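Open your viewer, switch to a cartoon view, and keep the selection box handy. We will go from stop to stop, selecting one piece at a time.

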Amino acid sequence: MKRLAAVAVALLLCGCEGMQSSLDPAGDQAGAIRGVFDLMMWVCGFMYLLVVGFLAWALWRGRGRESFEPEATAHDRKLEGALAVWAGIIVVGLTVLITASFFVDRSLASTRNDPNALAVKVTAYQWWWRVEYHDGSTDQWFETANEIRLPAGRTARIQLASNDVIHSFWIPNLSGKIDLIPGRTNWIDITPRREGPYRGQCAEFCGFQHAHMALDVTVVSPAEFEAWRRRQLYEARKPTTPEQAMGKAIFENKPCAMCHRIDGAEAAGRTGPNLTHVASRRTIAAGTLPYSRGALAGWIADPQALKPGARMPAVPLTPQESNALLAYLDSLK
Ligand code: CUA
C-alpha cells in the first residue's frame, strides 16, 4: 500500500514536468501563472482540510446520538460565533485569490512596450501556423512554419491573426492561452528564460485536425538564435545533383508551387507553409510527424491518409518524379 502511494505521488509529480506543461514554467509569464496556481492550491487545500476536519469532528461528536433535536440555546450562540469566524475565513481566502488572479491577469495583458522586443507574427490556418519574424528592417524578415525559435532572456512580442476560424495559441511552458480571431489582431508577450524544446498546441477546437495543430518551440541562447536567424535569411539551397534539379523543376511545374513558397525557386504560393528550409525542421504537417525523408514521402503521396481533412491534396507523381522531388526537398536544410 505504502509503495503504491509512493508510486502514485511520483507519477503525479512527474506529470508536472515536461515540454508541454504549465506547471513547469520556462518563462516569466508562465512563472506568474504558476504562482497563482500555487496560491490557489494552498488556499483551497487549507479550506479543504478545515472542512474535512470539522466534518470528522461533527461525526465523532454525534456518534450514538439518536435524534437531530437542537441542543441548548447557549450552544447555538457558540455555533453562531463559529459560523461568523468561518465566513470570515472564506471571505479572506476568496479576496486573496481574486486579488492575486486580477493583478497577474492585468500584468500579462498589459503590453510591456519593450523597444528591444523580438517582433514575431503568427497566423493560424486550418491546420498549421505561419510564423513570420519581423525584426529589424524588411530585408531581415523571414518566414517559417510550425516552428518558433526564441532567444532566452529577450521578450518576444507576438502578433496573432487567423486566416479562417478561431484558433488558440498556447505554449504552456511559456505563457497562457490567447485566441487568434479572424479579422482581429491580438498580441502576447513571451519572455523565455530556460533553454530547451517546448511544444505549443492549438487550444481552441478549430475543425477536424485541431489536435494535429502543434508548434515546435525552441528556446536557445541569443548567439544560437542569431546563427539560426542568419541561416533562415538565406535563399533555399541550389540543387547540387541532377536528381535534385529535376525535383526542383517538378516542384515549380506541378501544383506544389501554387500553394508553397520556396525562396530562390519559382514558387511563391501563400496558401501553405513556406518550405525554403523545410528539411531543417523537426516535424512536418504541424507536428503530425517527425521530419524524415520517409515521412515526407508518405505525406506527399497521401496527405489525407495521415491527416484526414488537411487542405493539401495529393499530387499524382510517378515513382521517379516522387524520388526526385524528395531529393530536392530533403536538401533544403
Ligand atoms: Cu487550430 Cu484548434
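Buried here means under 20% relative accessible area, while exposed means over 50%. Keep in mind as we go that this is a predicted model.

**Stop 1: a helix and its buried side**

Select residues 319–329, which make up helix H9. Which residues of H9 are buried? They are Glu321, Ala324, Leu325, Leu326, Ala327, Tyr328 and Leu329. Now add 242–253, 261–262 and 293–301 to the selection: these are helix H5, strand S11 and helix H7, and the buried residues of H9 pack against them.

**Stop 2: the five-stranded sheet**

Next, bring up the open sheet of 5 strands, ordered S3-S2-S1-S5-S8, with mixed pairing. Its edges are strand S3 (142–145) and strand S8 (186–190); each has a single partner strand, so one side of each is left without a neighbour in the sheet. Look along the sheet to see the twist: neighbouring strands are turned by 25 degrees against each other on average, direction ignored.

Strands of a sheet pair through backbone hydrogen bonds, either parallel or antiparallel. For a parallel example, select 118–125 and 156–162: strands S1 and S5 pair in that sense over 7 bridges. To pick out one bridge, label Ala124 and its partner in S5, Ser162.

**Stop 3: the three-stranded sheet**

Move on to another open sheet, with 3 strands in the order S4-S10-S9 and again mixed pairing. Strand S4 (147–151) and strand S9 (196–201) stand at its edges, and because each has a single partner strand, one side of each lacks a neighbour in the sheet. From one strand to the next, the twist averages 25 degrees.

Zoom in on S9 and strand S10 (residues 214–220), which run antiparallel and are joined by 6 bridges. Here you can label Gln201, whose bridge partner in S10 is Ala214.

**Stop 4: a helix shared by the sheets**

Select residues 222–233 for helix H4, which packs on the three-stranded sheet, touching S4 and S10. The direction of H4 makes about 135 degrees with that of S4. Then turn the view to the five-stranded sheet: H4 lies across S1, strand S2 (128–133) and S3, running at about 100 degrees to S3.

**Stop 5: a surface patch**

Finally, switch on a surface and select Tyr48, Leu49 and Val52, which form a nonpolar patch with about 340 Å² of accessible area together. Is Leu49 buried or exposed? Leu49, which lies in helix H2 (residues 28–61), has a relative accessible area of 62%, so Leu49 counts as exposed.

Notes
Residues numbered from 1 in each chain as written. Predicted model: local features only at pLDDT ≥ 70, side-chain atom pairs only at ≥ 80, totals over all residues. Heavy atoms only, no water. Pairing = 2+ DSSP bridges. Helix = DSSP H or I, 4+ residues; strand = E, 2+ residues; numbered from the N terminus. Axes fitted to C-alpha atoms, helices over the stretch in contact; angles between N-to-C directions. Contact = heavy atoms within 4.5 Å. Patch = residues over 30% accessible without salt bridge, like charges linked within 9 Å, V, L, I, M, F, W, Y side chains within 5 Å. Areas by Shrake-Rupley, 256 points an atom, 1.4 Å probe, with all protein chains shown as cover. Salt bridge = Lys/Arg side-chain N within 4 Å of Asp/Glu carboxyl O. Buried < 20%, exposed > 50% of the residue type's maximum accessible area, 1.4 Å probe, protein only.
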